Amino acid sequence: MSGYSDLRKGRFSQPGQAYLVTFTTADRRPLFDQSDRASDACRAITAARLWYRSRLLCWVLMPDHWHGVIELGAMDDLSTTVQRLKANSGRTIRRQYPDAGCIWERGFHDRSLRSGPAVLAAARYIVANPLRAGLARSVGQYPWWDAVWL
């Protein structure tokens, strides 16, 4: 087996656990290099109805992918939570921009974060992503991110 099936091997969702999650746009197209699309996607990703049990601790939307730290709630599993997130944002973008086509690639990558320091390190990595990509000179210059610690 390869591809998406390999990503699911050994995946276990534990309530209260924080996970670093990454998923990409279909064919890594830079769909969110336009501010109107990025803004609409961010509103859909952070919609309160998606986060009534789990918590979105930190996230960044890049032109061709998304990173986030998700803390699972007692009744959620990671795959379902990510599926809700991708479905809601994909639906929103396709409704507003019918020419966008398929929004997200199938599947996602995740890594369980062991402790408070690991969660903060992941958050710093996420927030600095636009700097490493040359999209901004400072974190404050890039508008498509948030963290609960602010």
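**Salt bridges and burial, talked through**

Modeller: Let's start here: the side chains of Asp 76 and Arg 84 come together in a salt bridge, 3.4 Å from N to O. Bear in mind that this is a predicted model, where local features need pLDDT of at least 70, side-chain atom pairs count only at pLDDT 80 or more, and totals for chains, interfaces and linings use all residues. Residues are numbered from 1 along each chain as its sequence is written, and side-chain values use heavy atoms, with hydrogens and water left out.

Colleague: What makes the contact between Asp 76 and Arg 84 a salt bridge?

Modeller: The term needs a side-chain nitrogen of Lys or Arg within 4 Å of a carboxyl oxygen of Asp or Glu. Here N and O are 3.4 Å apart, so the pair fits the rule. Asp 76 and Arg 84 are also linked with Arg 53 in a network of salt bridges.

Colleague: Why is Asp 76 called buried or exposed?

Modeller: Buried means under 20% relative accessible area, exposed over 50%, and partly exposed in between (1.4 Å probe, protein chains only). Asp 76 has 7%, so it's buried. Arg 84, at 18%, counts as buried too.

Colleague: And how do you know which class Arg 55 and Glu 71 belong to?

Modeller: Arg 55 has 41% relative accessibility, so it counts as partly exposed. Glu 71 has 25%, so that one is partly exposed as well. These two form a salt bridge, with their closest N and O atoms 3.5 Å apart. Arg 55 lies in strand E2 and Glu 71 in strand E3, so the pair ties together parts that are 16 residues apart in sequence.

Colleague: What other salt bridge links distant parts of the chain?

Modeller: Asp 64 and Arg 28 meet in one, at 3.1 Å from N to O. Asp 64 sits in the loop between E2 and E3, and Arg 28 in the loop between strand E1 (18–24) and H2, 36 residues apart. Altogether, the structure holds six salt bridges.

Colleague: Why is H2 described as largely enclosed?

Modeller: Eight of its eleven residues are buried, so the rest of the structure largely encloses H2. Among the buried ones are Ala 38, Cys 42 and Ile 45. The cover includes E2, strand E3 (65–71) and helix H3 (78–96). By the way, helices (H or I, at least four residues) and strands (E, at least two) are DSSP runs, numbered from the N terminus, and contact means heavy atoms within 4.5 Å.

Colleague: Last one: why does Arg 49 count as exposed?

Modeller: Arg 49 has 53% relative accessibility, so it passes the mark of over 50%. You'll find Arg 49 in the loop between helix H2 (35–45) and strand E2 (55–61).
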